[in-house]
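Here is a short tour of a model, meant to be read with the structure open beside you. We will start in the interior and work outwards.

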Amino acid sequence: MPAVPREVTSIGRRCPPSALDRIAPALAAIADAPAAAPVWCHGDLHGDNVVLAGPRAVRHLVDFTDAAAGPRESDVAQTLVMSGAIASAQARTVTDAYPLALDHHQLTAWVVFHTLRCWAHSEPGDDRARWVGRLDELSRRTPHLFRVPRPERTYR
């Protein structure tokens with residue numbers, strides 16, 4: 001069995017078992033992915049970490065504190081989640097700009113994972129509600145990556 005990436009094992013400390021169970025199919029897709037050569041990942045790519053400079057709007061990436069070798073789909077998914085592009089035409093802009101081939105099933109599984117991770121780190125209130133809404137939307141769009149909770153049995 002392939003090794004489970006450290007991001008997946010560390011989230012277990014922040015999430016209740018029911019949350020992890022809900023995304024079990026996505027976690028299985030990540031864990032069962034064929035081993036691919038890792039790439040250098042930024043780890044926190046979003047609009048605030050892209051600096052436009054000069055008259056030709058040259059782009060520079062900043063803030064490499066989370067940079068590490070890892071799966072390319074994880075880094076691209078993190079960018080989609082943090083930019084709010086997971087359910088828009090912007091997603092295609094991001095994925096089309098990525099220079100390496102992406103496994104879109106893996107990419108979507110990582111989007112589910114990173115969305116749950118953001119939920120786990122969110123504050124109660126509006127912040128948490130935003131991530132719950134995004135998880136619900138993902139479960140409607142990609143039901144194969146979610147486990148539907150079974151209704152509790154009542155015994156007479």
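## The nonpolar core

In this predicted model, the largest nonpolar core has 30 residues. Those with the most contacts inside this core are Cys15, Ile23, Val112, Leu116, Trp119, Leu145 and Phe146. Two or more residues come from each of the elements α2 (17-22), α3 (24-31), α4 (72-83), α6 (104-121) and α7 (126-141). The element that gives the most is α6, with ten residues.

Trp119 is a good residue to centre your view on. Leaving aside its neighbours within four places in sequence, Trp119 is in contact with Cys15, Pro16 and Ala19, and also with Arg128, Trp131, Val132 and Leu135.

## Helix α6

How many of the 18 residues of α6 are buried? The count is 13, so the helix is mostly covered, taking buried as under 20% relative accessible area. From its first C-alpha to its last, α6 reaches 25 Å, which is close to the 26 Å expected for 18 residues at 1.5 Å a residue.

Have a look at the N-terminal end of α6 as well, where Asp103 acts as a cap. A side-chain oxygen of Asp103 lies 3.0 Å from the backbone nitrogen of His105.

## Salt bridges

The structure holds four salt bridges, and three of them are described here. One of them joins the side chains of Arg147 and Asp21, at 2.4 Å from N to O. This pair links distant parts of the chain, with Arg147 in the segment after α7 and Asp21 in helix α2, 126 residues apart. Arg147 counts as partly exposed because its relative accessibility is 40%, and Asp21 is likewise partly exposed, at 37%.

A salt bridge also forms between the side chains of Arg22 and Asp136, where the N to O distance is 3.1 Å. Here too, distant parts of the chain are linked: Arg22 belongs to helix α2 and Asp136 to helix α7, 114 residues apart. With a relative accessibility of 26%, Arg22 counts as partly exposed; Asp136, at 27%, is also partly exposed.

Then there is the pair Glu137 and Arg140, whose side chains meet at 3.3 Å, N to O. Where do these two residues sit relative to each other in helix α7? They are three residues apart, so about one helical turn separates them. Glu137 counts as partly exposed at 28% relative accessibility, whereas Arg140 counts as exposed at 57%.

## Cysteines

How many disulfides does the count give? It comes to zero, taking a disulfide as a pair of cysteine sulfur atoms within 2.5 Å. Cys15 is buried, with a relative accessible area of 7%, and Cys118 is buried too, at 10% relative accessibility. Cys15 has already appeared in this report, as one of the residues with the most contacts inside the largest nonpolar core and as a contact of Trp119.

## An exposed loop residue

To finish, turn to the loop between α3 and β1 (39-41), where Ala36 is found. Is Ala36 buried or exposed? Its relative accessibility is 63%, so Ala36 counts as exposed.

Ala36 can also be paired with Pro71: the two are 35 residues apart in sequence, and their C-alpha atoms are 7.4 Å apart in space.

Methods. Residues are numbered from 1 along each chain as its sequence is written. This is a predicted model: local features need pLDDT of at least 70, side-chain atom pairs count only at pLDDT 80 or more; totals for chains, interfaces and linings use all residues. Side-chain values use heavy atoms; hydrogens and water are left out. A nonpolar core is a set of buried Ala, Val, Leu, Ile, Met, Phe, Trp, Tyr and Cys residues joined through side-chain atoms within 4.5 Å. Buried means under 20% relative accessible area, exposed over 50%, partly exposed in between (1.4 Å probe, protein chains only). Helices (H or I, at least four residues) and strands (E, at least two) are DSSP runs, numbered from the N terminus. Contact means heavy atoms within 4.5 Å. The expected span of a helix is 1.5 Å times one less than its number of residues. A polar contact is a pair of N or O atoms within 3.5 Å; within protein, one must be able to donate a hydrogen and the other to accept it, and residues adjacent in sequence count only if both atoms are side-chain atoms.
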